[in-house]
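The following paragraphs lead the reader through a structure step by step. Please keep the sequence and the three-dimensional view at hand while reading.

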Amino acid sequence: MERRTIFDGWLLPAMLVLPQLVLTFFFFLWPAARAIWSSLERQDAFGINSEFVGFENFVDLFEDPLYLEAVVRTLIFVFFVTVIAMAVALVLAIFADREIRGRDIYRTLLIWPYAVAPAIAGVLWVLLMDPNVGLVGVGLNNMGINWDYRLNGFQAMLLVILASAWKQVSYNFIFFLAALQSIPKSVTEAARIDGASELHRFRTITLPLIAPTTFFLIVVNVVYAAFDTFATIAATTQGGPGRSTETLVFKVFRDGIVNVNIGSSSAQSVVLMVGVILITALQFRFMEKKS
Amino acid sequence: MATLQLENLKKSFGTTHVLKGVDLSLASGEMLVIVGASGCGKSTLLRLVAGLETPTSGQIMVDGRDVAQLDPAQRDIAMVFQNYALYPHMTVFDNMAYGLRIRGLSREDIGKRVQDAANTLGLGALLKRTPRQLSGGQRQRVAMGRAIVREPKVFLFDEPLSNLDAALRVQMRAEIRRLQRRMRVTSLYVTHDQVEAMTLGDRLLVMHLGKPVQLATPMEVFEKPANTYVAGFIGAPSMNLMPAKLGHGGASAVLEDGHVITFADGRRPGQDGRKLTVGIRPEHLRPEPGGIEIFIDLVEPLGSETVVIGRMKNGELVSVKIPSAGSIPETMSVVIAPEHLHVFDGETGLRVEAV
Ligand SMILES: Nc1ncnc2c1ncn2[C@@H]1O[C@H](COP(=O)(O)OP(=O)(O)OP(=O)(O)O)[C@@H](O)[C@H]1O
Ligand SMILES: [Mg+2]
């Protein structure tokens with residue numbers, strides 16, 4: 001059902017939407033326009049003069065092996081964050097869906113990580129995994145595993161993937177749990193009576209029935225991993241060691257703010273912007289189809 | 001075909017004792033209908049037999065083999081649920097084939113069995129549809145089909161027709177009856193519906209508070225209810241039950257207002273003044289002058305007959321079923337037909353037969 005409010009005149013409605021419009025303008029439209037403009041310019045070494053260079057920044061970007069490496073790295077990162085965050089959430093949701101003791105406490109605990117700010121989450125993981133003081137980090141070294149994510153690029157990647165996935169598990173958990181609970185109990189029972197084992201039921205009944213939620217979550221998780229993990233990476237590895245945890249978003253930051261290569265950084269932002277727009281469009285189309 | 005026996009079957013959820021010892025024995029191919037008030041444990045009983053719940057104690061024997069601890073998959077029992085519980089994402093064909101595929105039947109076998117069941121149930125044209133594209137009656141048939149293709153040892157029905165409209169219910173009732181007769185599959189059928197209770201089963205089980213109270217043919221339950229609970233439960237509108245005392249020599253019942261009803265079938269045991277409850281069905285009260293005076297509260301014309309609900313002098317509710325009448329006065333006098341009187345003990349509620 002649709003609820004409509006009818007206003008007399010235009011002043012009040014205009015005032016009501018004004019804050020949103022101002023925010024959108026200053027924090028989205030204006031910077032986006034600046035980014036598009038900067039991506040078509042090149043600055044001199046001192047950042048004083050800039051000249052219009054057309055699509056040269058973009059051409060350079062796609063010819064830059066470091067950029068292509070970052071693309072591949074980001075795809076790997078996004079893939080593992082999505083898979084881990086979703087798989088763990090699904091397993092936890094399956095347990096929570098069962099009749100178990102202390103179910104409510106268990107659910108509340110699982111939802112907490114979502115309330116933790118990304119930077120804090122990063123710090124938590126650093127404190128846990130630090131090779132000198134972290135509980136797990138020290139433990140790993142004592143076990144004879146040479147653990148130092150500040151030197152080992154693979155370990156650094158593992159850390160940012162785990163920290164990022166951990167943040168997203170709660171969100172996925174809530175959606176998976178809701179989806180599981182919307183499956184009528186009698187349908188599962190009918191399958192039991194039909195002779196289906198637990199695994200077979202999961203494959204033939206549960207998974208297909210939660211497929212819409214799964215698809216929705218894939219989109220959300222991909223967007224999250226690709227664009228929303230900056231703070232987590234900044235708080236843990238800062239993209240290092242070397243470039244081993246430098247995702248596309250982090251590269252924008254490094255190239256633009258740290259290395260002051262505004263033209264290239266802007267071009268990267270524009271590419272990312274296009275990516276976000278495409279994924280969002282896909283998501284909207286899917287949601288429309290569903291409703 | 002298989003026999004089904006329940007021996008002292010009990011089920012508690014925590015401190016709630018839902019089933020308090022059920023003994024039952026079904027012959028091969030028999031259909032037993034179970035009725036009882038909401039919450040008396042009918043569904044729980046079926047779920048125990050199906051294996052969806054584990055009994056607290058007792059045995060469930062299918063063909064002499066105790067299956068109480070087995071998984072539903074190993075019991076070879078099919079169940080039809082009240083809400084059908086079809087697999088929403090599968091076609092009608094796949095819904096019916098699901099259990100057969102698990103059993104590893106060949107493609108041809110599955111196709112043939114599903115096709116046969118679909119033809120029997122008039123689903124032939126709907127095999128490619130999903131449940132959401134079906135009407136309630138069609139879903140009900142698919143649920144039936146899913147049960148019969150398996151050719152199980154035992155059928156369980158948990159109020160399968162209660163979500164259908166009246167006309168469809170009549171039709172499906174006849175169909176279930178016909179199918180069960182033809183396939184001769186031992187069946188337990190739970191219902192709230194008086195007509196289903198009377199017509200569907202070979203025998204009728206009335207349950208009350210987790211215990212069976214009467215198990216007999218439907219006519220026997222109707223004509224000789226074992227106690228006041230069964231008397232009030234079977235038959236619509238309910239039997240009128242009134243307190244009374246045993247008259248002189250055990251030959252009659254004396255109602256509270258002094259009315260004397262002489263037993264038509266012989267004396268009842270006990271001392272004069274023994275507390276009784278007498279029952280008379282609404283259709284066995286004749287409007288006639290000189291009988292029990294009732295003050296009419298409500299008139300329900302049902303078309304072919306009319307139900308009149310009123311109160312006796314002492315405030316006791318009475319319903320009377322009479323052939324359709326034009327206008328009904330504010331009071332009427334009714335006479336009890338003694339040959340239809342049911343006599344129960346006033347304290348235990350158990351039926352008291354003539355000696
Ligand atoms: N899983 C459960 N946990 C606790 N109590 C339960 C559970 N299942 C059933 N009960 C209780 O057992 C009693 C019997 O339930 P059941 O569903 O067997 O009744 P029923 O005779 O089928 O009723 P209806 O006619 O309304 O379907 C009810 O009081 C119910 O609350
Ligand atoms: Mg029930």
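Is strand β14 of chain B, residues 275-280, mostly covered or mostly uncovered? In this predicted model, β14(B) is mostly covered, with five of its six residues buried. The strands that pair with β14(B) offer a convenient place to begin.

On one hand there is strand β11 of chain B, residues 240-246, which pairs with β14(B) in the antiparallel sense over six bridges. Within this pairing, Ala244(B) has Leu276(B) of β14(B) as its bridge partner. There is also strand β19 of chain B, residues 342-345, which runs antiparallel to β14(B) and is joined to it by four bridges. Here Leu276(B) appears again, standing opposite Asp345(B) of β19(B). Leu276(B) can thus be followed in two directions, to Ala244(B) in the one pairing and to Asp345(B) in the other.

From β11(B) the path continues to strand β12 of chain B. These two strands run antiparallel and are joined by three bridges. Ala244(B), already met as the partner of Leu276(B), has Leu255(B) as its bridge partner in β12(B). The strands β11(B) and β12(B) form a hairpin with five residues between them, and in its turn Gly249(B) has a positive phi of about 75°.

Strand β12(B), residues 252-255, has side chains that alternate along its length. Ala253(B) and Leu255(B) point to one face and are buried, whereas Ser252(B) and Val254(B) point to the other face and are not buried. Three bridges then connect β12(B) to strand β13 of chain B, residues 260-262, again in an antiparallel arrangement. In this pairing the bridge partner of Ser252(B) is Thr262(B) of β13(B). The hairpin of β12(B) and β13(B) has four residues between its strands, and Gly258(B) takes a positive phi near 95° there.

A further sheet in chain B deserves attention. It is an open sheet of four strands, in the order β17-β16-β15-β18, with antiparallel pairing. Its edge strands are β17(B), residues 317-323, and β18(B), each of which pairs on one side only. From one strand to the next the twist averages 55°. Inside the sheet, β15(B), residues 285-301, and β16(B), residues 305-311, pair over six bridges in the antiparallel sense. One of the bridge pairs between them is formed by Phe295(B) and Arg311(B), the latter in β16(B).

The edge strand β18(B), residues 331-336, contains Ile336(B). Why does Ile336(B) count as buried? Ile336(B) is buried because 21 other C-beta atoms lie within 10 Å, and the threshold for that class is 20 or more. Leaving aside residues up to four places away in sequence, Ile336(B) touches Ile261(B), Ile280(B), Leu285(B) and Leu341(B). By contrast, Gly64(B) is 49 Å from Ile336(B), C-alpha to C-alpha, and 272 residues away in sequence.

The domain assignment of chain B places domain 1 at residues 4-226 and domain 2 at residues 237-345. The C-alpha centres of these two domains lie 39 Å apart.

Attention may now turn to ligand 1. The residues around it are Phe13(B), Thr16(B), Val18(B), Gly36(B), Ser38(B), Gly39(B), Cys40(B), Gly41(B), Lys42(B), Ser43(B) and Thr44(B). Two elements of chain B, β2 (16-26) and α1 (42-50), each give two or more residues to this shell. The largest share, three residues, comes from α1(B). Sorted by class, the shell has three nonpolar, seven polar and one charged residues.

The last topic is the meeting of the two chains. Their contact takes 17 residues from chain B and 14 residues from chain A. On the side of chain B that touches chain A, β6 (77-80) and α2 (92-102) each supply at least two residues. The residues on this side of chain B divide into 13 nonpolar, three polar and one charged.

In chain A, helix α8, residues 185-193, has the buried residues Val187(A), Thr188(A), Ala190(A), Ala191(A), Arg192(A) and Ile193(A). The cover over these residues of α8(A) includes α9 (198-209) of chain A together with α1 and β6 of chain B. Just after α8(A), Gly195(A) takes a positive phi of about 100°.

Terms used:
Residues are numbered from 1 along each chain as its sequence is written. Chains are lettered from A and ligands numbered from 1 in the order in which they are written. This is a predicted model: local features need pLDDT of at least 70, side-chain atom pairs count only at pLDDT 80 or more; totals for chains, interfaces and linings use all residues. A residue is near a molecule or strand if its C-beta atom, placed from the backbone, lies within 6 Å of it. Ala, Val, Leu, Ile, Met, Phe, Trp, Tyr, Cys and Pro count as nonpolar, Asp, Glu, Lys and Arg as charged, and the others, Gly among them, as polar. Two residues are in contact if their C-beta atoms, placed from the backbone, lie within 7 Å. Domain bounds come from an automatic or database domain assignment. A residue is buried if 20 or more other C-beta atoms lie within 10 Å of its own, exposed if 12 or fewer, and partly exposed in between; C-beta atoms are placed from the backbone. Two strands pair if DSSP finds at least two bridges between them. Axes are lines fitted to C-alpha atoms, for helices over the stretch in contact, and angles run from 0 to 180 degrees between N-to-C directions.
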